[in-house]
Amino acid sequence: ENLIEVCSEDVAGKDLELVQALLGFLDCRNTEALLRGHDTFDERAPLSRAALEEREDLPEYLEAFLEAHDSGSISDDYPFDALWRDYFNHLYELADLSVSRFLQEWSVYEVTLRDAITRQRAESLGDKAEMRMSGVAAAEGENHGALLSTLSEAANPMERERLLDTARLAKIESISGIDPFSTDAVLSYVAATMILDRWDVGKSADVTKMLEVFA
């Protein structure tokens, strides 16, 4: 919450648009939760509950998805595949148009990682698999083979998730750049904090030390 507050006060223009694109992940989670009737809402997301419920001031990709959802015109077997596909397409296209090396590399990494995980799970399920992939025509990136092999040896689902997020944090560190006052540094802070916050590490770890590598 503190990082988002700082960004809203000190980041502006195109840089703020890039920050909000990363935080749009939270908007999509909120959108899916609302449409599925879940009584949860992440208040840190850029869009308020009222904005989503009343369809006001939405980004184009989200407005288009909601219109398709409301009209019943989504062809996906699982309709929220379309939501996440639209989000990652938006993030990838915005990154491609920006001068942010971080966002360009991070969007490709995240899309190719999610697709690789989907393929692995589908292969393990054989002909029962419903391969829901990002649908994003991302530039060729890492094949994530070594990470996938490690995941297959994990003891349980939580351990797999920790391995995935550890890999994500390592990638963020490697592409965050050396200038602590750059746009890429801000974006790397946002991306890393979203991952760390997911585990609520503040209760059991020194978050300052965990993030100091990005400073």
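Which residue just after helix 8 takes a positive phi? In this predicted model, that residue is glycine 177, with a phi of about 85 degrees.

## Helix 8 from end to end

Helix 8 runs over residues 157–175. Its 19 residues reach 27 Å from the first C-alpha to the last, close to the 27 Å expected at 1.5 Å a residue.

At the N-terminal end, asparagine 156 acts as the cap. One of its side-chain oxygens sits 3.2 Å from the backbone nitrogen of methionine 158. Just past the other end of the helix comes glycine 177 with its positive phi.

## A buried side and an exposed one

Now for the sides of helix 8. Its buried residues are Leu164, Asp165, Ala167, Arg168, Lys171, Ile172 and Ile175. They sit on the same side of the helix because they cover an arc of only 155 degrees around the axis. An α-helix has 3.6 residues a turn, so residues three or four places apart point the same way.

The cover over these buried residues includes helix 6, helix 7 (145–152) and helix 9 (183–198). Over on the other side of helix 8, Met158 and Thr166 are exposed.

## Glutamate 110, across in helix 6

Helix 6 spans residues 101–125, and glutamate 110 lies in it. With a relative accessible area of 7%, glutamate 110 counts as buried because the cut-off is under 20%.

The side chain of glutamate 110 has two arginine partners to look at. One polar contact, at 2.8 Å, goes to the side chain of arginine 114; another, at 2.9 Å, goes to the side chain of arginine 168, one of the buried residues of helix 8. Setting aside neighbours within four places in sequence, glutamate 110 is in contact with Phe88 and Arg168.

Terms used. Residues are numbered from 1 along each chain as its sequence is written. This is a predicted model: local features need pLDDT of at least 70, side-chain atom pairs count only at pLDDT 80 or more; totals for chains, interfaces and linings use all residues. Side-chain values use heavy atoms; hydrogens and water are left out. Helices (H or I, at least four residues) and strands (E, at least two) are DSSP runs, numbered from the N terminus. Buried means under 20% relative accessible area, exposed over 50%, partly exposed in between (1.4 Å probe, protein chains only). A polar contact is a pair of N or O atoms within 3.5 Å; within protein, one must be able to donate a hydrogen and the other to accept it, and residues adjacent in sequence count only if both atoms are side-chain atoms. Contact means heavy atoms within 4.5 Å. The expected span of a helix is 1.5 Å times one less than its number of residues. The arc is that of the directions from the helix axis to the C-beta atoms.
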